[in-house]
Amino acid sequence: MNALSGGELGWEDTFDEEYGEYFEDVGGLKRGSKDPDDDDWAAARDDDDDDDGDDDGWEADDSDDSGVDASKRAFDSVYQFKITLKRIRPPIWRRIQVPETYTFHDLHVAIQDVMGWEGYHLHEFIMANPVTGLEMHIGTPSEDFDLQEILHDQKEMIARYFTMEKQSAEYTYDFGDDWKHRVLLEKILPKDEDATYPVCIKGKRACPPEDCGGVWGYEELLEALHDPDSAENEELLEWLGEGFDPEYFDAKAIYFRKSGR
C-alpha cells in the first residue's frame, strides 16, 4: 500500500491495492477501509470488463418508448442495483430492483427516492458505452455545464448500457457538494408477478443532509453530533435541527414516486 503525504493540509491519499482506488484519510478516519459490519463489501468491487470494440455507430436512443411513463411499459425482467455513496465509511448504500424498461431518468428518480435526496440540484450518470468502450455522460443537458456532450436521460434506456451483471456507472448529484455514487448492476432477475416495482430490498445508514457541504461538510457534521456541547458546534447543530440519526435506515419506509407492476 502506497501513500502520498498531504503535508500541512493534514490529510493523505492512500492507494488501496485490493480495490484499486484512492481513499482519503481525514482526522484519523480512513475513508475506504473495510466496514466489518457490511457483509456486502465484496459486491462493491468493480468487476467490469468493458467491451472496447471499434464500432463507432452508437447513437442516442430515439425510440418512442423512451417517453412513456415507466409504470406503463410492459417488462419481464428486473435489474437489481446496489447504490453506494462514495468516499464515506462506514458505507451508505441501498439495494433496489427496478424494471428493465427504465430510462436513466427513471433510475435517477429512484436513486433520489431511495437515498433520501431532495432533487434540488443537477445530476449526471457516467458510464462506458458497451459497444465502443467510450465514456458517456447522461443527464439533463444544461447551458451551464457544456464541457462535454450530455445525452438526455429521458431518452436513454438503461438496458442499452447495462447489458450484463457486474457492470457499473457513476452517478453524481449536486455538482457543488459533488455526491458521487457507484451504481452496480448486481443481478438481472425475472419479474415477480406479486411484487410492485421499484422496490428497496435493503440498505444501511442515513443519507447525508442536503446542502451540508459534501463529504468534508458531512464529516464536520458527524463530529459535531459526537460533541454537541461544544460552542464551536452550536451553529452547525442549529442548522441541522433535531432528529437526524446517521445510523438510521428503514427500507420498508421508502416511497417511490414512480411505480408499476
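Let's start with one pair of residues: Val78 has Pro99 in strand E6 as its bridge partner. That bridge is a handy way into this predicted model, as it sits in the pairing of strand E5 (residues 77–85) with strand E6 (residues 93–99), an antiparallel match that runs over seven bridges. Move along E5 to Phe81 and you'll find Ile96 of E6 standing opposite. Now look to the other flank of E5. There, strand E11 also runs antiparallel to E5, joined to it by nine bridges, and Phe81 finds its bridge partner in Leu185 of E11. With E6 on one hand and E11 on the other, how much of E5 is covered? Mostly covered is the verdict, with eight of the nine residues of E5 counting as buried.

Step back and the sheet around E5 comes into view. It's an open sheet of eight strands with mixed pairing, and the order reads E9-E8-E7-E10-E11-E5-E6-E12. Which strands stand at the edges? They are E9 (151–152) and E12 (199–204); each has a single partner strand, so each has one side without a neighbour in the sheet. As for side chains, those in a regular strand alternate between the two faces of the sheet.

So much for the strands; what lies across them? Helix H1 does, and its reach takes in E5, E6, strand E7 (123–128), strand E8 (135–139), strand E10 (168–173), strand E11 (179–190) and E12. Relative to E7, H1 runs at about 120°.

That brings us to the core. The largest nonpolar core has 42 residues, and the members that touch the most others are Phe81, Ile96, Met115, Ile158, Phe162 and Trp179. Helix H1 (residues 104–115) provides the largest share of this core, with six residues. You've already met Phe81 and Ile96 as the pair facing each other across E5 and E6. Met115 is worth a click too: leaving out residues up to four places away in sequence, Met115 touches Ile83, Leu85, Ile92, Arg94, His181 and Cys207. As a general backdrop, nonpolar side chains tend to be buried together in soluble globular proteins.

H1 has a polar residue to look at as well. Gln112 is found in this helix, and since its relative accessibility is 1%, Gln112 counts as buried. What does Gln112 touch, if residues up to four places away in sequence are not counted? The list is Trp117, Glu118, Gly119, Tyr171, Tyr173 and Arg257.

Helix H2 (residues 214–226) comes next. Its 13 residues reach 19 Å from the first C-alpha to the last, close to the 18 Å expected at 1.5 Å a residue. The buried residues of H2 are Gly214, Val215, Gly217, Tyr218, Glu219, Leu221, Leu222 and Ala224. When you read that list, keep in mind that an α-helix has 3.6 residues a turn, so residues three or four places apart point the same way.

The loops have some backbone details to check. Most residues other than glycine have a negative phi, and most peptide bonds are trans. Where are the cis bonds described here? A cis peptide bond joins Arg89 and Pro90, with omega at about 0°, and Pro90 is in the loop between E5 and E6. The bond from Tyr197 to Pro198 is cis as well, with omega near 0°; Pro198 is found in the loop between E11 and E12.

Then there are two aspartates with positive phi. Asp174, in the loop between E10 and E11, has a phi of about 70° although it is not a glycine. Asp211, placed in the loop between E12 and H2, has a phi near 60°. Are these two buried or exposed? Asp174 is buried, with a relative accessible area of 6%, while Asp211 counts as partly exposed at 41% relative accessibility.

Finally, zoom out to the whole protein. There are three helices and twelve strands. Of the 261 residues, 46% count as buried. Among contacts with a separation of 6 or more, residues 24 or more positions apart account for 65%. On the outside, the protein exposes about 14,100 Å², and carbon and sulfur atoms supply 46% of that area.

Definitions and conventions
Residues are numbered from 1 along each chain as its sequence is written. This is a predicted model: local features need pLDDT of at least 70, side-chain atom pairs count only at pLDDT 80 or more; totals for chains, interfaces and linings use all residues. Side-chain values use heavy atoms; hydrogens and water are left out. A nonpolar core is a set of buried Ala, Val, Leu, Ile, Met, Phe, Trp, Tyr and Cys residues joined through side-chain atoms within 4.5 Å. Buried means under 20% relative accessible area, exposed over 50%, partly exposed in between (1.4 Å probe, protein chains only). Helices (H or I, at least four residues) and strands (E, at least two) are DSSP runs, numbered from the N terminus. Contact means heavy atoms within 4.5 Å. The expected span of a helix is 1.5 Å times one less than its number of residues. Accessible areas come from the Shrake-Rupley method with a 1.4 Å probe; for residues, only the protein chains shown count as cover. Two strands pair if DSSP finds at least two bridges between them. Axes are lines fitted to C-alpha atoms, for helices over the stretch in contact, and angles run from 0 to 180 degrees between N-to-C directions.
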